Each structure stands twice: as C-alpha cells, then as structure tokens.
Amino acid sequence: MKTLESARSEVLSSVGLLGSEQVPIWEARGRILAGDVVAPENVPPFANSAMDGFAVRAADVASPGSILEVLGDLPAGAMTDVEVGPGQALKIMTGAPIPKGADTVVRVEDTATDGAKVVVETAVEPGASIRPAGGDVVRDQLVFEKGTRLTPMHVGVLATIGVGHPEVFKRPLVAFMSTGDELAPPETAQLDPGGIRDSNRPMLKALLEEAGAELIDLGVVPDDPDVLRGALDRGSTADFLVSTGGVSMGDYDVTKLVLENDARVGFWKIAIQPAKPFAFGRVGSALFFGLPGNPVSVLVSFEQFLRPALLKAQGARAILRPQMVAVAGEDLETDPQKTVFVRVVVDGLSDGVPGVMRSGGQSSNVLSAAAAADAFAVVPRGVATIEKGDPVTIEMFKWPESRGWVDGR
Ligand code: AMP
Ligand code: MG
C-alpha cells in the first residue's frame, strides 16, 4: 500500500501548470494570479476626509471653543481652489480632498453652526480625521503575490488600484462521470428495486466548481466496458478526467476491467480510510483520477488528491488545506494501519482550542455525516486511539456555522 504522502506526491508531480489569460475583474473571484500585482498608484490617491466635518488648521482648534469663519462646502468627488487660512474652515464631506491650508478635520458632531460661523466645541488633535494618500496601498508596493487565489476582498483591492483585467491562470477543463448500473439520476422520484440515486456526480460537480474547474459532464456510465470506453474517450482531451466507482475488487468493477492493462494507469491501494482504492494515470492527454464509489471516499480522495492537483495546475501557492490542532471531545478509535479521516464537527473551545466530535456514522457510504462535518480529524498511521482530551490534527473543509465558538455562545 502507498502512504497518503507518497500517493499525493506522485499525483502532484504529474500535474503541469496551465497557461494564463486576462479576465475582467467582474469574473476574477476564485481565479489565481499569474503574476505579482504591484500598485501603479496610491490608495487613496489623495489625502481626504475620514468624516463629515470641517477642514481647519490645527493651530485654530488646539483648545475648545474656537469660532471659525465657514468658507463654503466640499462634497466627495469635488475639488476646490479655496485655501483655508487662519480662523477659517471649509465644510467637508467624507472622502472629499483636504483643501490647501487645512491639516485637520473636526467632526460635525463636535461643532455647532452659527450662521456663517462654526463653533468647535472640543480640542482636536493635529491631523485628526484625515486619511493620508497611500494610507491603504502605497504606489510601487507589492500588493498581491503570484499564486494568490482571489477572494471577494482581493477583487475589491484590485479595483482600487485600477487592475480591471488581472492576469490569472487558466481554469482546468475537467470531464467527470459516475459509473454504476445501480445509479439513477438524482431527480428520480421512484427508484427501481436495487437502485440508488447518483449522489457522487452532483457532489463532484460542486467540489470541482469550488476548486475552479470548467466542466464537461459525461453523465452516468453503466457497468458496461464498451460504454465506459466511449465515455473515457470523450473525456480524454480534457485536462483532467475523473470517474467514480468501479476501481476496487468487485466482479463488476468496470473501470478496473477497462483500464487495468493500460500501462499508463495505476490501480493503487492507499493506506488511508476511507478511499483506499484509487486509480491514477493518463487517458489520452487527460490526467485520469479514478475515485472510489462510496460518496465519502469520493470526498476524501477529492480533498486529498484532486483538489490539490487542480490548485497546482492553476498555479496556487497554497494547495493544501491548513492543518490545525484541536482537542478530541471523545475517544476516536481508528485503524492504526491507515491515515484515517474522521468526519468531525468543530464545536466549542476547550482552553482556547477548538474541540471536535464525530459528526455521525463513519462508514464510507454515510454522506449525511460528512455533510454535517466541518473538518477531517486526521489520525495518522501508527495511532489506534486518540483519547478524549488529547490533541488531534484537523483539516477544516468548511467553516463551522452557529454552533458555539463562531457566535460566542
Ligand atoms: P463501487 O466501487 O463501484 O463498487 O462502488 C462502491 C459503493 O459506492 C457501492 O455501494 C455503490 O453503489 C456506491 N456508489 C458508487 N457510485 C455511486 C454514486 N455515483 N452515487 C452514490 N453511490 C455510489
Ligand atoms: Mg460500481
């Protein structure tokens, strides 16, 4: 059996980098930067007011009660040639450029107006309520590194510096299918005896989309070698070709039947649980991933092998989920021969460390417990039991929702 680490490094060493393209900023979320982004200008571009108030000279407002002559007002988006002299103020709105002569803004809350005069009721620090030019981003600064996966916030920052068409790596084209005579479309209302709904393919589609893939859906393929050959052929020109099912030891494991004599495809047993059987290699020009059939195994092998491969192809700097230390809220007994991915919820803090409990049944067909989980507790080979209260490594694949430590219960 291969270890998790050796299997993953073998997979990743076969993954090449895709080319790059420019995309409109409106479609850049989730894309990965193909080059460093350097700021062509300051953000903000000019010193401006942080508050609605009055632009003044600091010396005039060093003590409370000063009365200043109001020269006019300045909304955001406007410029003025008016210079604020001693004893004078210009009414200013949030975001409007600081006029000449002024070096401080008094908040409107700290003033009272009296005709053409304003009374400043408090003493104000020099430079108060001014956002300096370059206070957010300085011109020529490295803003984001190559390999950054763009979140909505990155998209916003790119907009502030005028990068309307960021250079990003191309999305991998992924053809995917599920195999099995027992599978009915998810929309099926009444199943035939012995049938089940195809849950892998909709889940896989969603996982692939989240990992940035462009998709070719090859549908459900029955356990028929000729039909499978046709489907593999249709996916063979994609960047990645993914199937589920048919890679283990059963008589009808048709993926194995069709590909096991192909020298370019390996049928592996990986020392992990779930997701021990796994096929990997090349079909045509596509990198082929033969995932197991059980839905939780699909999730685990996607997370451990396919997702990192997709992110590597897209040039991402971070291709693995971060690992964190949690504390076991109950005994976790696992197979010491394997790296075991226990599906857990992250719930509550114990001495400042998140606690984890199994999210439900741990059989590889129990997808509902994987859906309820936030993380895998990763129990390494050589460990048979993690005892309640012991530290355990977790990989969060989903942020916990309304269960305690997020909303501070
Ligand atoms: P296999 O490796 O093809 O024998 O599949 C292992 C188990 O996973 C069997 O119980 C299958 O019925 C189940 N399975 C395979 N493909 C799917 C699928 N697309 N959706 C749900 N369950 C599946
Ligand atoms: Mg099958």
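Is S129 buried, exposed or partly exposed? In this predicted model, S129 is partly exposed, with a relative accessible area of 22%. Because the limit for a buried residue is under 20%, a value of 22% places S129 outside that class. The residue lies in the loop between β9 (117-120) and β10 (130-131), and its phi is positive, near 55 degrees, although S129 is not a glycine.

S129 is also one of the residues touched by S49. S49 belongs to strand β3 (residues 48-49) and is buried, its relative accessible area being 0%. Beyond residues up to four places away in sequence, the contacts of S49 comprise I92, M93, T94, G95, A96, I98, V105, S129 and R131. A polar contact is made as well: the S49 side chain reaches the backbone oxygen of M51 at 2.5 Å. The loop between β2 and β3 contains P44, which is joined to V43 by a cis peptide bond with omega of about -10 degrees.

A second cis peptide bond links Q273 and P274, with omega of about -5 degrees. P274 is located in the loop between β19 (272-273) and β20. A275 is placed in the loop between β19 and β20 as well, and has a positive phi near 85 degrees, again in a residue other than glycine. In contrast to S129, which is partly exposed, A275 is buried, with a relative accessible area of 3%.

Several helices have their buried residues on one side. In helix α4 (residues 225-235), the buried positions are L228, A231, L232 and G235. These residues lie on the same side of α4 because the arc that they cover around the axis is only 100 degrees. An α-helix has 3.6 residues a turn, so residues three or four places apart point the same way. The exposed residues D226, D233 and R234 are carried by the face of α4 turned away from the buried side. Packing of the buried residues of α4 involves β13 (173-179), β16 (214-221), β17 (240-244), α5 (254-259), β20 (277-283) and β21 (286-291). At the start of the helix, a side-chain oxygen of D224 comes to within 2.8 Å of the backbone nitrogen of D226.

Helix α3 (residues 200-210) has N200, R201, M203, L204, L207 and L208 as its buried residues. Their arc around the axis is only 160 degrees, which puts them on the same side of α3. They pack against β13, β16, β17, β21, α6 and α7 (367-372). G212 follows α3 and has a positive phi, near 95 degrees.

In helix α2 (residues 152-160), H154, V155 and L158 are buried. An arc of only 105 degrees around the axis places them on the same side of α2, while the face turned away from that side bears the exposed residues P152 and M153. The cover over the buried residues of α2 includes β2 (37-38) and β11 (142-144). Just after α2, G162 adopts a positive phi of about 80 degrees.

Helix α1 (residues 4-13) packs with helix α6 (residues 295-313) at an angle of about 30 degrees, the axes being 10 Å apart. Their crossing is right-handed. From α1 the contact draws on L4, A7, R8, V11, L12 and S13, and from α6 on Q304, F305, P308, A309 and K312. Seven of the contact residues are nonpolar, two are polar and two are charged.

Methods:
Residues numbered from 1 in each chain as written. Chains lettered and ligands numbered in written order. Predicted model: local features only at pLDDT ≥ 70, side-chain atom pairs only at ≥ 80, totals over all residues. Heavy atoms only, no water. Buried < 20%, exposed > 50% of the residue type's maximum accessible area, 1.4 Å probe, protein only. Helix = DSSP H or I, 4+ residues; strand = E, 2+ residues; numbered from the N terminus. Arc of directions from axis to C-beta. Contact = heavy atoms within 4.5 Å. Polar contact = N/O pair within 3.5 Å; in protein donor to acceptor, adjacent residues only side chain to side chain. Axes fitted to C-alpha atoms, helices over the stretch in contact; angles between N-to-C directions. Left-handed = near helix turned anticlockwise from the far one by under 90°. Nonpolar A, V, L, I, M, F, W, Y, C, P; charged D, E, K, R; others polar.
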